Amino acid sequence: MSYSETKAADAHGEQAIDRKSVYVYEAPVRIWHWVNALAILTLALTGYFIGSPLPSVPGEASANFLMGYIRFTHFAAGQILAIFLILRVYWAFVGNKHARQIFYVPFWSGRYWSEWLHEVKWYTFLARQPKKYVGHNPLAQFTMFFMVTLPLFFMVITGFALYSEGTGRDSWEYKLFGWVFSIFPNSQDIHTLHHLGMWVILTFVMVHIYVAVREDIMSRQSIISSMISGERLFKDEEDD
Amino acid sequence: MAATETFYDVIRRQGITRRSFTKFCSLTAASLGFGPAGAKAMEQALETKERVPVIWMHGLECTCCSESFIRSAHPLVKDVVLSMISLDYDDTIMAAAGKQAEAILEETKQKYKGKYILAVEGNPPLNEDGMFCIDGGKPFVEKLKWMAEDAMAIIAWGACASWGCVQAAKPNPTQATPIDKVIKDKPIIKVPGCPPIAEVMTGVVTFITTFGRLPELDRQGRPQMFYSQRIHDKCYRRPHFDAGQFVEEWDDEGARKGYCLYKMGCKGPTTYNACSTVRWNGGVSFPIQSGHGCIGCSEDGFWDKGSFYDRLTTINQFGIEANADQIGRTAAGVVGAGIVAHAAITAVKRVTTKREKTDA
C-alpha cells in the first residue's frame, strides 16, 4: 500500500509504539459528517412529528405555534443539510480520493467485488479476519452510496419540492424542483416517498453506529476516532 | 345562425339591461382578480366578439360536472353563461336528439374549424376498441378524436377527464383513459375535481370567451388562477394546524371547537383546488367547514391512494396493505433485532476464539 507512515516517537526520538496512521478524512469531510448527523437527527425527529403530530395543545390558536416551530426547525435543518451536501459534493472534486468514495460504487472492478464478498463473509462470521482499508471498506462504500448518498439527494429534492407547495408557484423552490410534480402529479405520493426515505436513512444510521462501534473494537483499524481526528490508525503491522 | 351575434346582442336580447351587464362585468372581473381595468376590457370584449361555440361531450362519467356547472352563482349559468357561449351541443341537456343532434357536430366541425371549444366530461375507455362507451352508435373514443381534430382547445371537465377518476381506478377493467393521454396535439385545460366547483367551471369558460385565449396553466395543465394553491394554504382552520390543535376523533372536543382535521386524514395539504376560498353552493360551505376532511378529489388517482382518512399512500407491493411509516417501523425493528443478534454472536465468537488461542 502506498500510504505514508507516521510513527509515534518517545522522548529520545525513537519509536515507542510501532503503529501506522494515515490522514484519511480531511476537515471538511469530518465537519460535514457531524453537521449531517445532527441535521438528520433533527430532521427525522421533527419530520416524524410533522407526519404524526403531538397531542393537541390547549388554549387559543393565537397563543400557540407548536406545529409552526416544529415545521420551521424541519425546514431550517433541511436547508442546512442541503447546503452542506452541496459543499460536500464540491469537496468530492477538490478533496483527496477518500472524499470521493461515497459518491460511486466501482462496479466495474473485479477486485472490488471480491473484497466486497470478503467483507460480507466477515460480517456473517465466515471469514476469520477483516482486511485493512485506508478509507471505507467495499461493503461500507456500497451501503453508504445506496443508503446515504442517494437517499440524501432524494430527500433534498423531494423535500424542496414539498416545501415549494407552501412557498408558492413563483418561488425558486418550485422553479428548481417543481419537475418532481411532473413525475408524481399527486403530492401525497411524494409525502409517502419522503417518509420512506427517512426510514431508509434511519435504518442506515442504526447499522452505521453499530458497525462503527463493532469495527472499532474488532477490526484492525480505528473507526470512531478517525471521524474526529481524521487519522486512521492501524492496530497491527501485518500486510494484507 | 347565432354565430354572427355578439355576446352583447344576446345578452340584450334576453332582456338584460345595460346596467346589469355592467354589474356582471365588474363582478366577474373582481372575482377573477383583474381590477377595474379588467371590467372595462371584459365589457368591450363582450360587445365586439362573437360567441364561442362550445361542444360539450360526455364519455364515461356521472354527470356531476354538469350538475355542478348549472349551479354556478357567480356568474349565474342561466342568465349569462348559456348566452355567452353558444352551447351548440350537449347531449344531456339539449332538446335535439338522434340524427338531428349528431348533425350539429358535423356542422360545427365544418363551420367553426379551429374555433370551437370541445368540453369533455368523462373519459373514453380504450379496451375492446372502446366498446365500453358507445355514443351515437360509435365508440366514444372515436367521436372524441374526430371532434378534437378541429377544436381550438379542449376543456377536460372533472377528475374523470383530467386524471381518470373512479372508472380508471385499479384494476381499471375498461382502461378508462384521461383526455390528455388520448389527444396529444391540442391544448388541454384540466379542470379537476369530482365535481369541479361551479364557479371555477364558469370562470374558466368566461376567461376563454372573454380573452379569446386559454388561461395560464400550471405544470399539470390546470388553470393557475384556481389550482395554484392547496386547500391547506387558504383553509380557515389553518391557524389550528400551526398551533398544533387537532381533531383526534370525530366526536371529541377538538371537533366541536373546529380544530384542524389533519390527523383525521384531511388531504387539504396535498390537494390543489379553490374550495377553501370559493367554497360551494354559492359560497355556503365546503367539506372542511362541514367538519370532514378533504378527500383530495381533484388530485391524480385519488381512488387509488388508500383510505380517505390516511395521509400516506397505501403501498401494496409488500403483499399486505401498509403505509410508509408502518413499513419503516417494521424495517427498523427487524434491523434493530438483527443488530442485537449480530452483536451477541460477535461477543460469543470473540470469547470462543480467545479461548482457542489460549488453548493453543
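Which helix of chain B holds B:S162? I looked, and B:S162 sits in helix 8 (residues 158-162) of chain B. For helices and strands I used DSSP runs numbered from the N terminus (H or I over at least four residues for a helix, E over at least two for a strand).

**Ground rules.** This is a predicted model, where local features need pLDDT of at least 70 and side-chain atom pairs count only at pLDDT 80 or more, while totals for chains, interfaces and linings use all residues. Residues are numbered from 1 along each chain as its sequence is written, and chains are lettered from A and ligands numbered from 1 in the order in which they are written.

**Entry 1, B:S162.** I asked myself why B:S162 counts as buried. B:S162 is buried because 30 other C-beta atoms lie within 10 Å. The cut-offs are 20 or more other C-beta atoms within 10 Å of a residue's own for buried, 12 or fewer for exposed, and partly exposed in between, with C-beta atoms placed from the backbone. I then listed its contacts (C-beta atoms, placed from the backbone, within 7 Å). Neighbours within four places in sequence aside, B:S162 touches B:A156, B:P178, B:K190, B:V191 and B:P192. B:P178 is 16 residues from B:S162 in sequence, and their C-alpha atoms are 5.4 Å apart.

**Entry 2, domains of chain B.** The domain assignment, which is automatic or from a database, splits chain B into domain 1 (2-227) and domain 2 (232-290). I noted 30 Å between the C-alpha centres of these two domains of chain B. Nine residues from domain 1 of chain B and eight residues from domain 2 of chain B make the contact. On the domain 1 side, helix 9 (198-211) and helix 10 (224-227) of chain B each give two or more residues.

**Entry 3, chain A overall.** I counted eight helices and two strands in chain A. From the N terminus, the order is β-α-α-α-α-α-α-α-α-β. The C-alpha trace of chain A spans about 70 × 45 × 35 Å along its principal axes. Of its 240 residues, 27% count as buried.

**Entry 4, chain A meets chain B.** Here 35 residues of chain A are in contact with 42 residues of chain B. Helix 2 (66-94), helix 6 (180-183) and helix 7 (187-218) of chain A each give two or more residues to the chain A side. Which helix gives the most to that side? Helix 7 of chain A does, with 16 residues. By class, the chain A side has 18 nonpolar, 13 polar and four charged residues. For these classes, Ala, Val, Leu, Ile, Met, Phe, Trp, Tyr, Cys and Pro are nonpolar, Asp, Glu, Lys and Arg are charged, and the others, Gly among them, are polar.

**Entry 5, helix 7 of chain A inside its own chain.** I followed helix 7 of chain A to helix 1 (residues 27-51) of chain A, where the axes come within 11 Å and cross at roughly 140 degrees. Axes are lines fitted to C-alpha atoms, for helices over the stretch in contact, and angles run from 0 to 180 degrees between N-to-C directions. Helix 1 and helix 7 of chain A are therefore oblique to each other; under 35 degrees is roughly parallel, over 145 roughly antiparallel, 65 to 115 roughly perpendicular and the rest oblique. In this contact, A:I40, A:A44, A:G47 and A:G51 of helix 1 meet A:H195, A:M198, A:I201, A:L202 and A:V205 of helix 7. The classes here are six nonpolar, three polar and no charged residues.

Last, I checked helix 4 (residues 138-167) of chain A, which packs on helix 7 of chain A at about 145 degrees with the axes 9 Å apart.

Conventions:
Contact = placed C-beta atoms within 7 Å.
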